[in-house]
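Okay, thanks for squeezing me in today. I'd like to walk you through one model, and please interrupt if anything sounds off.

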Amino acid sequence: MGHPLYLQPRQESQLAALTEANGFLHMLADGLGTPLNVLLPEQIAENLDRFRAAYQKHHLGGEIFFAHKASRSSALVRQLAATGGCIDVASVEELQHALSCGFAPARISTTGPKDPAFLWLGARAGVTFHVDGRAELEALAALVRTYDLPRVRVLLRLSGFSSTGVRTLLRRSRFGTSFVSVGVLLDTVECVADVVELIGVGYHLDTVSVAEKAVALEGCINVMDECRSRGMRPQVIDIGGGFGVSYLAEAEQWDTYVTELTSAVLGARSPLTWRGHGYGLRSESGKAAGSLGLYPAYRKVAGAEYLDELLGTPAPSLGRPLATLLLENLYDLYTEPGRALADQCGLTLAKVLEVRRAADGDEWFVRLDMNAADCSLEDHGVLMDPLILPSGDQCSSLSEDSSAEPVGVYLFGNLCLESDLITKRLVFLPRLPAPGDLVCFVNTAGYCMDFSAHQAQQRPEARKVAVWQDRDGSWRWSLDERYWPITSSGILWEGAAV
Amino acid sequence: MRYDSITDAIGNTPLLRIAPAVHGLRNIDLYAKLELLNPFGSVKDRAAWNMTRPDLAEAAERGSQIVELSSGNTAKALALIAGLHGLGFKSVTNRMRVPEIKELLLLLGAQIEELPGQTECLDPTNADDPLTQFHRMLSEPGSDYLHTDQYYNERNADAHATGTGPEIVRDLGGRAPDWFIACIGTAGSSSGVARVLRAHNPDVEVVGLVAQKSDFIPGIRNIDEIQEVGLFDPLVYRTIDAVTSDEAIDGMLALVRRSGVLSGPTGGAAYFGALRYLRPVDAQLTQRRTAVFIVCDRIESYLSYIRKRRPELFGGKAERNTVATLSDEEVGAATTIDIETAQQWIAQENPLIVDLRSPFAYAALHIEGSVNIVDELFEELVRGGLPFSKRRPVLLACPVGEKSVKYAAVLTRLGHPDVRSLSGGIVAWRDAGAELVRE
Ligand SMILES: Cc1ncc(COP(=O)(O)O)c(C=O)c1O
Ligand SMILES: Cc1ncc(COP(=O)(O)O)c(C=O)c1O
């Protein structure tokens, strides 16, 4: 099989403690079936604190909005409501969910395309709107006037920023108003000022590049200045999400894997993927062409640290660090992290149904009790090894089992579809799993748990449970929809015991 | 020597023997091919000139713009060649991470475009990888580019097969060295030189050097990135080794401080990689042997790169009246004043109000009557002594009162009798509802 190429997941303390709790996870999986999504609501509060610390380090005021689209979990959203965080919603359903989880409208913002119902409920409740352009602003103003709603707070979403000197080409966005035509948009803001209050401007850029974001942030500072010169007093710059997560424990495993994958695509080593899939790379007359369509799974700087780095970056033309510019211009900073706040907040379990050897090779096929949409790590380009949790009867013997040898396996789903591959790549495991074992995909809470889940072939969608540890360290659980932040403090349990 | 065009001065660079006392090899003569002495400053002068020469006349007639994916030396050489022939030059890159190089290119008249980074959320339908974008730009209607295509252009390697390689053989008295060591960017220099050396001595061992993955050495690629290079042929190299930026800087320092060669980081990488490879071999040798490595370019453009990795090389500055020299007691003893008291004090005593924020922020909103001296400038000013009369009280203001209290301490140390720092800064001033004006 050759040398195993592991991609071991990064696990912080809560997640690591949970994946150690083999018996507890098997009990949940036996009782509730798999696929099963397990959430750690307390982790999201910890992640939020790290973002807050980055704000404090730079003396910045402002709010952190969790991008709801990253997770549908009620437990996460309710826990966040308990911490004083804010939330960003992108549909009327997400808005209803946020309101029902305890977010006051002042702590909710809305982004993305909006239909009239979404506009009405948001305006009625009094949430903040990110408006994409003039048409949306006018529609919102008309609605507020027609239904005699309270004045709404808006942020203008901008895009198409440009820089001078060295031109930084920015990835094009479908959303937002181009930086160059912002004047016209501001004219509209002035016309609807009776029903709309401009609180600031913002962007969301889908890029890992700090340099691009620095150009955009400086662009926003310039637009804010134009607003001030028109006599408006906006206070907020919203820099969207995209702070990233580091999924892997070790840089070296990631570096080696990518090197080997490139060689495999060029035919210089045994294949690492199903039918020569190249994750975007291909061989063109012996050269690697295309580009690797994968999430950079190991990131030296991600999440709150990435925010810190961005804030410390000098503005491309004004020269001062971006945080200093925000601060000395008296602006508040809004951020909308999705993936980064959901980091380490959950895992996905699936039972092993069948293990068999490939007819024509030394790889193995492992069929799981889930389908590809139940755990969309690969759809999101995240390559990360699952853990194997042995079933109870072999549990004790396994860890010491020295005869266990590394194997390469392909993980398949339970749909009757050729394409139902959980992994398009050969996954190396320290030993061969057996039917009844649990395969555990960790760190799936952000986008990889329920973003794409659907009821294919009438298979039920995965259940969700929230889990936490008691003071004495024993694990507790509740169905996700029945979890409230007071649940974990034990009040409900004690009440029930009386 | 007399020349009619600066391009005539390209090539014929010295082959310098490194003193054995510096490199410590007993049986191997180690030579540096000093490509940094080319007129535009690097090994890439040869490739740039060879790639453009046949097309320049036509390009000048049509008014084409030269375009290349380059992060440094090729761009520099092309910018100068373009200027010589009245053409424009545009460099497109996502690798230009050394600020001085960017600034130098702008100074030379180049246009620089930086390609966007990787997406944060994977979009499987996205066909917009940076190279695809670049090629689309080349074929946009109405555009007229002379694309030199250094990663695929055989004329890049040929420049070295007809220049660098034969020069080395000539300077070694008609013999090829036993080892040849070079860094790999486009692979043009290493593969072109190797071709010539092999013709003279089929046993010559070529050592290719790349940057350690997850590290960065400006001008060269890592082991994955060379797989995308058209001119790269793995069979040219006996081995391909990785060098870290730290090792490259160590090698560079040896060349600079002990051999009088103003080498940049990749020359240092080649020297370091050469010694690492040759030392064990040297210990086994009984006969004299020869090795050659390339010093690609000069040190001056990499100061910030080096400073970032080895700040200690630049020494600490001993300064007197700076914020950094303040003790906690001095800062604690500085006078602060809250917003309400400050407003009364301003009305009664008319202190000089100094706003330490940037001119941009000051212009937008400030306390009426204040003067703006941005903190960086203020730091310079006080270094020389007290910049204000002791007779007039001073109120210092910054965004949150953190910097101003330190400068208040510095002014106090300089003997000013009444400096106060606005507690909570301009943010607190605004939050208290006090007036800010835009003039
Ligand atoms: C407007 C907006 N804000 C925030 C986010 C969250 O991004 P991330 O999860 O990468 O932080 C998204 C993601 O698509 C978005 O579209
Ligand atoms: C500083 C520096 N060193 C080394 C090289 C590598 O040379 P080549 O492109 O011929 O492989 C380059 C090329 O870009 C360079 O700029």
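Before anything else, a term I'll lean on a lot: a polar contact is a pair of N or O atoms within 3.5 Å; inside the protein, one atom has to be able to donate a hydrogen and the other to accept it, and residues adjacent in sequence count only if both atoms are side-chain atoms. Now the housekeeping. What you see is a predicted model, where local features need pLDDT of at least 70 and side-chain atom pairs count only at pLDDT 80 or more, while totals for chains, interfaces and linings use all residues. Residues are numbered from 1 along each chain as its sequence is written, chains are lettered from A and ligands numbered from 1 in the order in which they are written, and side-chain values use heavy atoms, with hydrogens and water left out.

So, with that contact rule in hand, let's start at B:Thr186. Its side chain makes a polar contact of 2.9 Å with the side chain of B:Asn156. The B:Thr186 side chain also reaches the backbone nitrogen of B:Gly188, at 3.1 Å. Where does B:Thr186 lie in chain B? In the loop between strand S7 (179-183) and helix H8 (188-200). Those elements are DSSP runs numbered from the N terminus, with helices being H or I of at least four residues and strands being E of at least two. B:Thr186 has a relative accessible area of 3%, so it is buried. By buried I mean under 20% relative accessible area; exposed is over 50%, and partly exposed is in between, with a 1.4 Å probe and protein chains only.

B:Thr186 also brings us to ligand 2. An N or O atom in the B:Thr186 side chain is 2.6 Å from an oxygen atom of ligand 2. A polar side-chain atom of B:Lys44 lies 2.6 Å from a ligand 2 oxygen as well. From the backbone, an N or O atom of B:Gly219 is 3.3 Å from an oxygen of ligand 2. How much of ligand 2 does the protein cover? On its own ligand 2 has 390 Å² of accessible area, and 95% of that is covered. Those areas come from the Shrake-Rupley method with a 1.4 Å probe, and for residues only the protein chains shown count as cover. Altogether 16 residues surround ligand 2, with B:Lys44, B:Gly185, B:Thr186, B:Ser189 and B:Thr266 the closest. To be in that set, a residue needs a heavy atom within 4 Å of the ligand.

Okay, over to ligand 1. Which chains contribute to its surroundings? Residues from chains A and B do, so this site is shared between chains. The shell has 13 residues, and the closest are A:Gly242, A:Glu336, A:Gly338, A:Arg339 and A:Tyr447. An N or O atom in the side chain of A:Glu336 is 2.5 Å from a nitrogen of ligand 1. Backbone N or O atoms approach ligand 1 oxygens too, at 2.8 Å for A:Gly338 and 2.7 Å for A:Arg339. The protein covers 91% of the 400 Å² that ligand 1 exposes on its own.

Now zoom out to whole chains. Chain A has 14 helices and 21 strands, and chain B has 17 helices and 15 strands. Buried residues make up 59% of the 498 residues in chain A and 55% of the 439 in chain B. For overall shape I used the radius of gyration over C-alpha atoms, against a globule rule of 2.2 Å times the number of residues to the power 0.38. Chain A comes out at 24 Å, which agrees with the value near 23 Å for a compact globule of 498 residues. Chain B has 29 Å, where a compact globule of 439 residues would be near 22 Å. The C-alpha box of chain B is roughly 90 × 60 × 55 Å along the principal axes, and the chain A trace spans about 75 × 75 × 45 Å.

One long-range pair in chain A: A:Asp30 and A:Lys351 are 321 residues apart along the chain, with their C-alpha atoms separated by 9.2 Å. A:Asp30 is in helix H2 (residues 22-32) and counts as exposed, at 54% relative accessibility.

Last, cysteines. A disulfide here is a pair of cysteine sulfurs within 2.5 Å, and by that rule there are zero over all chains. For A:Cys440, the nearest cysteine sulfur is that of A:Cys375, 9.7 Å away.
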